[in-house]
Every structure is written in C-alpha cells, then in structure tokens.
Amino acid sequence: MNEQINRRNFLATAGTAALAATTTSALAAESPGLNVIKILGVSCSPRKGMTTAKAVQAALDAAKAVDARIQTELIDLGGLNIAPWSPQPPDDDMKTILPKFRDPALGGLIIGTPCYFRSLSGLAKCFLERLAPLREPQMVLAGKPFGVVTVGAFRHGGQELAIEQVQAILLCFGMIPVGGHAPAFQGATLLSANDSIAQDDLGLKTAAALGKHVGEVALRLAGRS
Ligand SMILES: Cc1cc2nc3c(=O)[nH]c(=O)nc-3n(C[C@H](O)[C@H](O)[C@H](O)COP(=O)(O)O)c2cc1C
C-alpha cells in the first residue's frame, strides 16, 4: 500500500515537472526574438526591508525563474519621501523612481502593500497617484500585467480588500490584473507574525504562484507586441 502511494506521489511529481518544462519551452518558443523583460516590484511599506519588501522579493524571484530573459528589480519605498499627487509636482524621491516605469523593457509590475486598516497603505496610495504622468499624454503602462502582494498581521485582516483597491487603481492605467493561480486566487496574501513572514508557508506559496504567473503573462505579452 505504502509502495503504491509512493509510486503515485512519484508519478504526480514527475508529471508536474514535465508539465512545467513543457510550459517553459512553449513560452520560450512563443517569444524567440525577445531580449530582456523587466519586472519591477514595489514595496509600499514605510518600513524598509520588512515583511512587505520580503514578500515582493519572493514574488520577483518566482517571476525571474520563469525565463532567463526576465530581469527583476525591487524598489523599496521604505524611508523615501513620496507625497500625494498635487497640481504642482512635488520635488521628492518620485523623480528618481518614475523613469524606471518608462523603460521600454518593462514587462510587468508586482506591487506590494502592507494591509493598513483593511486597506492599502498611505504610501501605496501616494505612490500610485504619482504614477499619473504615465497616463497622459500616453498610456505607458497599458496592456502590461501586474500582480498585488499584501501582508497583514491578522489572518483575515483585509488582505484581499487591499489587493482589490490596488487593482482598481491600476485598471485606470489600462494594466492587466494577474492572479488566479492557486493558491494566489486574487493575489498574494501573507500573514506576518512578530514582523516575520518566514513561518507563513501558504502565504509564501501565494507570493511564488503570483510572481510565476506575472512572469509567464509578461513573457507571452512581450512576445506579441
Ligand atoms: C496603521 C496600521 C494599520 C494596520 N492595519 C492592519 C489591518 O487592518 N489588518 C492587518 O492584518 N494588519 C494590519 N496592520 C499590520 C501590518 O499590516 C503588518 O504588520 C504588516 O506586516 C506590516 O508590513 P511591513 O512589515 O512591511 O511594514 C496594521 C499596521 C499598521 C501600522
């Protein structure tokens, strides 16, 4: 009986590995002429290098593993000065960040926010408002995929609500929301315990599934443009 179960497990694992290899080579065949595809991750916690940044990095690592042509960069907004949108563009750290989003190689985004009062952080809202110059005169981000990563300190702390709020904003930019790969149904939802996500296996799986899916979609879409 045990032997049967082991054999079944082995066949299931081998099947999954074969499927993953087929998917990767099919994706590569779809986009043979591509060079670099950049996926930018943005951590919108005021606390640099903390759980949100770590969760976004986990998603970026999975995106990078999809294909050798995918490059990733984490932009950690922790400690930076980013004011909300105002009629007179504020003179702050956004001026060094915004050009990265105009890079022609940009293939997708992973936005991370801590869950604050069942919503996105104020920093995330400021940052997203300040992307406004990317909407006019040209919709620079239109047609590019994005995924959202959230971390909360409570199991049902509003992570999915925060994801929906970020998705609602980026839909205004013509971006394509990505989720849908179990267990990251809407996006990546993580639980922080004592300022750590290291023990949250399921949450880390959602970050990896989301990053992988964003990488796959970015590769497919970049190959067709
Ligand atoms: C002002 C504030 C509000 C918060 N509200 C929530 C909340 O509604 N739900 C939740 O799960 N966690 C909430 N938290 C906890 C944070 O989401 C959690 O600690 C998260 O891991 C912080 O991200 P960071 O480590 O990247 O800073 C809140 C924290 C702060 C500071």
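Hi everyone, let's start with one helix. In α5, the buried residues are Gln159, Ala162, Ile163, Val166 and Leu170; buried means that 20 or more other C-beta atoms, placed from the backbone, lie within 10 Å of a residue's own, while exposed means 12 or fewer and partly exposed is in between. These five cover an arc of only 100° around the axis, which puts them on the same side of α5. That arc is taken from the directions from the helix axis to the C-beta atoms. On the face turned away from that buried side, α5 carries the exposed residues Ala168 and Leu171.

A quick word on the model. It is predicted, so local features need pLDDT of at least 70 and side-chain atom pairs count only at pLDDT 80 or more, while totals for chains, interfaces and linings use all residues. Residues are numbered from 1 along each chain as its sequence is written.

How long should α5 be? Its 13 residues, 159–171, should span 18 Å at 1.5 Å a residue, and the end C-alpha atoms are 18 Å apart, which agrees. The expected span is 1.5 Å times one less than the number of residues.

And what covers its buried residues? The cover includes β3 (106–114), α4 (122–129), β4 and β6 (188–191). Helices here are DSSP runs of H or I with at least four residues, strands are runs of E with at least two, and both are numbered from the N terminus.

Stepping back, the protein chain has 6 helices and 6 strands, running α-β-α-β-α-β-α-β-α-β-β-α from the N terminus on. Of its 225 residues, 40% are buried.

Now the largest nonpolar core, with 54 residues; among those touching the most other members are Ile39, Ala63 and Val149. Such a core is a set of buried Ala, Val, Leu, Ile, Met, Phe, Trp, Tyr and Cys residues joined through C-beta atoms within 7 Å. Helix α6 gives the most to this core, with 9 residues. Take Ala63: leaving aside neighbours within four places in sequence, its contacts include Ile39, Ile70, Ile110 and Val214. Contact means C-beta atoms, placed from the backbone, within 7 Å.

Last stop, the ligand. Of the 18 residues around it, Met50, Thr52, Pro114, Gly152 and Gly157 come nearest; to count as near, a residue needs its C-beta atom, placed from the backbone, within 6 Å. Two elements, α2 (51–64) and β4 (145–152), give two or more residues to this shell. Thanks, everyone!

Notes:
Two residues are in contact if their C-beta atoms, placed from the backbone, lie within 7 Å.
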